[in-house]
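Here are a few exercises to work through with the model open in your viewer. Try each task before reading its solution.

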Amino acid sequence: ILCENDALIDDDYLLCTDVDLGKIRADRRKLRSFSDCASADAETGNVRRIKLYAPLTNRQTRDDAGALYPLRKLPFVPQTKAKRTERCLDIFEMQVAGLVGRLSVAAQKVVVGVSGGLDSTLALLVCVQAMKKLHRPVTNVIGVTMPCFGTTSRTYNNSVALMKALGVTFREINIKDACLQHFKDIGHDEAVHDITYENVQARERTQVLMDVANGDNALVCGTGDLSELALGWCTYNADHMSMYGVNAGVPKTLVRHIVQYVADTCGNDTLRDVLVDILDTPVSPELLPPTRNGEIAQKSEDSVGPYNLQDFFLYYLVDHGFAPEKVLRLADIAYGDEFDHATLKKWLRSYCRRLFSQQFKRSCLQDGPTLNGFSFSPRTGFLMPSDGSDALYLASVDALK
């Protein structure tokens with residue numbers, strides 16, 4: 001439904017909206033039902049073809065082009081509270097069901113790194129619910145917090161409080177000494193806060209989780225979400241890798257709403273307070289030292305752009321395959337009250353560049369549930385060569401006025 005009127009109609013009127021033929025084509029590419037039905041009906045002659053004659057070139061150059069388009073800033077998030085609650089519950093239950101299926105055949109326990117951030121929080125909540133579904137003790141969930149150079153007291157305290165509120169097995173493994181030793185081994189100056197400095201920590205975290213899982217005959221649950229996979233915002237062979245990724249199909253904007261849903265419905269004041277504070281914490285990989293005030297210095301959105309925009313681009317550029325010029329036009333309409341045209345163009349260009357350059361990380365992803373009808377799985381979802389060129393996309397963006 002693109003547009004509807006619920007009011008009483010007592011006179012003739014016109015109900016107008018924009019129809020996006022590109023979105024229809026994208027849906028038909030993804031959904032087999034149309035082609036299956038068309039093939040079946042073609043044999044009986046029940047298919048009626050209607051030719052549409054529209055001055056598309058003139059239409060696209062008008063200032064009001066797309067003014068009636070049913071456009072949302074957060075395309076993955078339903079607009080009404082009732083529908084948001086329904087979507088959050090559905091996605092959460094599908095995440096749990098996917099993990100239940102894996103644990104039923106692979107392991108009795110699950111290990112998850114808990115940072116005090118949104119993604120690891122959602123992954124931990126899914127793991128706890130999966131154990132309950134399997135009628136196993138929640139202590140079979142092993143939560144590991146790994147303080148290091150970038151850990152703040154806020155995220156550390158939230159991670160500890162979260163695990164205690166959920167009743168999982170709690171482990172704290174400080175990885176500072178291990179990282180410092182590795183700096184010495186490879187001849188890296190610990191005072192140089194470059195990509196090596198960051199990735200040493202990320203890979204040490206994953207090594208710890210994998211080895212803890214081996215020792216407990218457990219499965220490592222990944223925490224990375226769909227938005228991060230699109231941008232490659234993860235360290236190769238570190239948080240990029242796990243034994244099952246429960247968040248792999250959930251965009252960042254929806255992760256926030258699911259955690260909020262759990263906070264609103266958990267019936268545990270202590271757990272709710274922790275979840276609310278986690279929701280208020282800036283998203284960060286916490287790989288750089290905090291500020292002098294002990295606050296998070298490294299914020300993800302400063303590097304890769306606002307997550308609202310990222311998911312907007314994910315929905316229209318990647319999921320629907322729209323051309324960059326169309327995506328920017330839609331972004332202008334949706335976000336014109338928040339960002340100027342130059343800012344939107346800058347982040348769209350950055351998104352296109354990272355989408356192509358980071359495909360090598362998505363080519364070897366672990367299993368995870370497909371949610372929202374889209375997946376970056378190299379087996380069943382997003383098929384793209386790792387050496388694909390971004391030249392055409394970047395040229396298209398650069399040519400836009």
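**Exercise 1: a helix and its cover**

Work out what packs over the buried residues of helix 4 in this predicted model.

Solution. Start with the cover: it includes strand 1 (109-113), helix 5 (118-133), strand 4 (218-222), strand 5 (244-245) and helix 10 (252-265). Next, pick out the buried positions of helix 4: Cys88, Ile91, Phe92, Gln95, Val96, Leu99, Val100 and Leu103. To see the logic of that spacing, recall that an α-helix has 3.6 residues a turn, so residues three or four places apart point the same way. Finally, check the length: helix 4 (residues 81-106) reaches 37 Å from first to last C-alpha, close to the 38 Å expected.

**Exercise 2: the largest nonpolar core**

Find which residues touch the most other members of the largest nonpolar core, and which helix gives the largest share.

Solution. Among the 47 residues of this core, Leu99, Leu103, Leu124 and Leu162 touch the most other members. Helix 5 supplies the largest share, 10 residues. Now zoom in on Leu162: beyond its neighbours within four places in sequence, its contacts are Val114, Thr121, Leu124, Leu271, Val274, Leu275 and Ile278. Apart from this core lies another, of 39 residues, including Ala248 and Phe376.

**Exercise 3: Leu226**

Decide whether Leu226 is buried or exposed, then list its contacts.

Solution. Leu226 lies in helix 9 (residues 226-231). Its relative accessibility is 0%, so Leu226 counts as buried. Setting aside neighbours within four places in sequence, Leu226 contacts Asn247, Ala248, Gly249, Val250, Pro251, Leu314, Phe374 and Phe376.

Technical notes:
Residues are numbered from 1 along each chain as its sequence is written. This is a predicted model: local features need pLDDT of at least 70, side-chain atom pairs count only at pLDDT 80 or more; totals for chains, interfaces and linings use all residues. Side-chain values use heavy atoms; hydrogens and water are left out. Helices (H or I, at least four residues) and strands (E, at least two) are DSSP runs, numbered from the N terminus. Buried means under 20% relative accessible area, exposed over 50%, partly exposed in between (1.4 Å probe, protein chains only). Contact means heavy atoms within 4.5 Å. The expected span of a helix is 1.5 Å times one less than its number of residues. A nonpolar core is a set of buried Ala, Val, Leu, Ile, Met, Phe, Trp, Tyr and Cys residues joined through side-chain atoms within 4.5 Å.
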